[in-house]
Amino acid sequence: MAFFRRERKSESSDVTGVDQTPQLSLEQMRLAMNALPMGVVIVSKDGQSRWTNSAVEDLLAQGSVDVERFNKHVDALAAVALGGESREEHVEFGDPAVRMFEMVSAPLTDGGGAVIVYDETKQVMTDRVRTDFVANISHELRTPIGAVSLMAENLMAATEDTDVARMASVIFTEVTRLNDTVGDLLELARIEFDGLANTQEVDLVKVVEEATGRLRSAALAKSVMISIENYPQVMIMADRAQLVSAISNLLDNAIKFSPNGSIVKISIEVLDDQVKIVVSDNGPGIRGEHLTRIFERFYRVDDARSRSTGGTGLGLAIVRHISLLHGGDVSAESTLGEGSRFTLTLPLRQIGNMGESED
Ligand code: ADP
């Protein structure tokens, strides 16, 4: 991808400073350009002449591309390159989209410019099929899981045999865990598939209140108090349901890993162009080497402990995915034996290119 951007000066001269770059003929250059899998359009300094490699024709020949619109994007990016700037654009063709390109402008050192076109169709389609598959299979699993869960519950209530009751209880616990995992997988697939389809102006305080409400009974069960420390009124552009889910996941972990009777704190901090939602607890903490990995899918610091707390290993992956979709980030700090602090950072005014918030 960085094909035009990197100048590898060190390889072009030896220790004596003599230029070792092989001199390529114009014909060799042309052949090399035509052998590239990505489309390349080179524009002269004055913007008057243009050369395209054969991959551009191949990309267009595969159909479903509105050539006029394609050329408009090339023109716009060529102008950007001639202005000395680099820019990336993702361009889709068809409704629903069937061809996807990443188009990159690159200024050339002679004052001209280049536009490079990568065909992303296969990659995007593969990702979609994968996401679709996870969503479908998760959905299909829910019904039998529900039935097994119900049967196990009925069996526990109906039997007088303690062995049978114990086995039914194990089935119930495991099937509940399976249900949670399938639920989280489904949620992750939905977020990947829908992206930020439901973006709107959202009152962050209400989001925090909704997330806190969801976790009230879990907190009560452990006599954990959820304390909302800082409560500034702030509106952001976001997918409300996703934010509730992200904050609920952080609170859920904080409660799960907190000792009974402790306090979990949540606060909203507004900075110039960002808002931070901070969730902290007095749990066991997380060792430094795990801190960067806990956001990976199915990564658990202590498998046995996590199993006993009923975790799926997907909660923080969901939080990270949501934060990145919103153009933000999530990070963790922790001191062993003292507790952990998770910070969800979101941009305040504009999120990606979703539109603008009203002031
Ligand atoms: P899980 O469902 O297992 O909680 P998560 O993705 O939410 O999965 O978290 C991944 C792992 O990170 C957990 O298994 C746990 O080891 C660690 N972790 C997350 N939050 C906390 C916390 N507040 N305190 C201590 N460990 C945590």
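This briefing covers an open sheet, a group of paired strands around E12, one buried threonine and selected salt bridges. The model is predicted. Five strands make up an open antiparallel sheet, and strand E12 pairs with both E10 and E11. The structure contains 10 salt bridges, including Arg 50 with Asp 75, Arg 240 with Glu 210 and Arg 341 with Glu 333.

**The five-stranded sheet**

- The strand order across the open sheet is E2-E1-E5-E4-E3, with antiparallel pairing.
- Strand E2 (50–52) and strand E3 (87–93) are the edge strands, each of them paired on one side only.
- From one strand to the next, the twist averages 20 degrees.
- Helix H2 (residues 54–61) packs on this sheet and touches strand E1 (39–43), E2, E4 and strand E5 (113–119).
- The direction of helix H2 makes an angle of about 125 degrees with that of E1.
- Edge strand E3 is joined to strand E4 (residues 99–107) by seven bridges, and the two run antiparallel.
- Within that pairing, Glu 88 has Val 104 of E4 as its bridge partner.

**Strand E12 and its neighbours**

- Strand E12 (residues 339–347) is largely enclosed by the rest of the structure, because eight of its nine residues are buried.
- On E12, strand E10 (residues 274–280) is attached through seven bridges in an antiparallel arrangement.
- Lys 276 has Thr 345 in E12 as its bridge partner.
- Strand E11 (residues 329–335) also pairs with E12 in the antiparallel sense, over seven bridges.
- The bridge partner of Thr 335 in E12 is Gly 339.
- E11 and E12 form a hairpin, and three residues lie between the two strands.
- In the turn of this hairpin, Gly 337 has a positive phi of about 80 degrees.
- In a regular strand, side chains alternate between the two faces of the sheet.

**Salt bridge in the E11–E12 region**

- Arg 341 and Glu 333 meet through their side chains in a salt bridge, at 3.5 Å from N to O.
- Arg 341 counts as partly exposed, because its relative accessibility is 35%.
- Glu 333 is likewise partly exposed, at a relative accessible area of 44%.

**Salt bridge between E2 and H3**

- The side chains of Arg 50 and Asp 75 form a salt bridge with an N to O distance of 2.9 Å.
- This pair links distant parts of the chain, with Arg 50 in strand E2 and Asp 75 in helix H3 (residues 67–82), 25 residues apart.
- Arg 50 has a relative accessible area of 41% and is therefore partly exposed.
- Asp 75 has a relative accessible area of 38%, so this residue is partly exposed.

**Helix H6: a salt bridge and a buried residue**

- Arg 240 forms a salt bridge with Glu 210, and their closest N and O atoms are 2.4 Å apart.
- Arg 240 lies in helix H8 (residues 240–256) and Glu 210 in helix H6, so the salt bridge ties together parts that are 30 residues apart in sequence.
- Arg 240 is partly exposed at 28% relative accessibility, and Glu 210 is partly exposed with a relative accessible area of 32%.
- Thr 212 also lies in helix H6 (residues 204–214).
- Thr 212 is buried, because its relative accessible area is 7% and the cut-off for buried is under 20%.
- Leaving aside residues up to four places away in sequence, Thr 212 touches Ile 226, Ile 228 and Leu 251.

Notes. Residues numbered from 1 in each chain as written. Predicted model: local features only at pLDDT ≥ 70, side-chain atom pairs only at ≥ 80, totals over all residues. Heavy atoms only, no water. Pairing = 2+ DSSP bridges. Helix = DSSP H or I, 4+ residues; strand = E, 2+ residues; numbered from the N terminus. Axes fitted to C-alpha atoms, helices over the stretch in contact; angles between N-to-C directions. Contact = heavy atoms within 4.5 Å. Buried < 20%, exposed > 50% of the residue type's maximum accessible area, 1.4 Å probe, protein only. Salt bridge = Lys/Arg side-chain N within 4 Å of Asp/Glu carboxyl O.
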